[in-house]
Amino acid sequence: MAVVRIPDEGRTVRDEEGVRETLARVGIDYERWEPAHPVPAGAAAEEVLAAYAPEIERLKQRGGYVTADVIDVSPGTPNLDAMLAKFSREHWHDEDEVRFVLRGRGVFHIHPRDAPVMAIEVVPGDLIRVPRGTWHWFDLCAERDIRAIRLFQDASGWTPRYTGSGVDAGYEPVCLGPSYIPAAPPRPA
């Protein structure tokens, strides 16, 4: 289950209802999903999408999503560092970013305009919907492994629009259970 950390407040939220309420305050939807039937770890993308078809269809109807796919990222993924560099800088999209985690872990950093940055560590079973226009970035945990269902409102997918704020440089992508470490400020030269 997801853990939400708000480093500037020294606060961590771990219970499902607390996570849902904390994220809802900044417009983020959070749910826990169970498959309609068990899905083997190495199942093909088509099998995964079939297992979660009722949930995917419900989300499509609710959010105007037109397509879903499965993304698989592991340490052996070609050009992994370049791919991750695109996601780990603060950006926003013209459409929602919807992810349901099947395997692995990652951290969504959300930067609300009127609240402190929060880090949402997602794990298998977590569904997160980051609304269009929300400033955020994403990092994988140390294992550099994640498999997720993605939903899109445009069949061509989304494009990151970078903010250039530099805020993302102040936070480390640390996934250590209950601890979260903000980056140390740069030392004067």
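## Close-up views of a predicted model

**View 1. Strand β1 and its two neighbours.** Ile6 of strand β1 stands opposite Arg11 in β2, and these two strands, β1 (residues 3-6) and β2 (residues 11-13), pair in the antiparallel sense over three bridges; strands are DSSP runs of E with at least two residues, helices are runs of H or I with at least four, and both are numbered from the N terminus, while two strands pair if DSSP finds at least two bridges between them. This is a predicted model, in which local features need pLDDT of at least 70 and side-chain atom pairs count only at pLDDT 80 or more, whereas totals for chains, interfaces and linings use all residues. Residues are numbered from 1 along each chain as its sequence is written, and side-chain values use heavy atoms, with hydrogens and water left out. Four residues lie between the strands of the β1 and β2 hairpin, where Gly10 takes a positive phi near 60°. β1 also pairs in the antiparallel sense with strand β8 (residues 118-122), again over three bridges, and there Val4 has Ile120 as its bridge partner.

**View 2. The two faces of β1.** In a regular strand the side chains alternate between the two faces of the sheet. In β1, Val3 and Arg5 on one side and Val4 and Ile6 on the other are all buried, that is, under 20% relative accessible area with a 1.4 Å probe and protein chains only (exposed is over 50%, partly exposed in between).

**View 3. An aromatic cluster.** Trp33, Tyr52 and Phe100 form one aromatic cluster, and the structure holds five aromatic pairs (rings of Phe, Tyr and Trp, the last by its six-membered ring, with centres within 6.5 Å; planes under 30 degrees apart are stacked, over 60 edge-to-face and the rest tilted). The rings of Trp33 and Tyr52 have centres 6.1 Å apart and planes at 25°, so this pair is stacked. Trp33 lies in the loop between β3 (29-32) and α2 (45-51) and Tyr52 in the loop between α2 and α3 (53-63), so the pair ties together parts 19 residues apart in sequence. For Tyr52 and Phe100 the centres are 4.9 Å apart and the planes at 55°, so that pair is tilted. Both Tyr52 and Phe100 are buried.

**View 4. Arginines over aromatic rings.** The charged end of Arg89 sits over the ring of Tyr162, 3.8 Å from its centre, where the criterion is NZ of Lys or CZ of Arg within 6 Å of the ring centre and within 35 degrees of the ring normal. Arg161 lies over the face of Trp92, at 5.8 Å from the ring centre.
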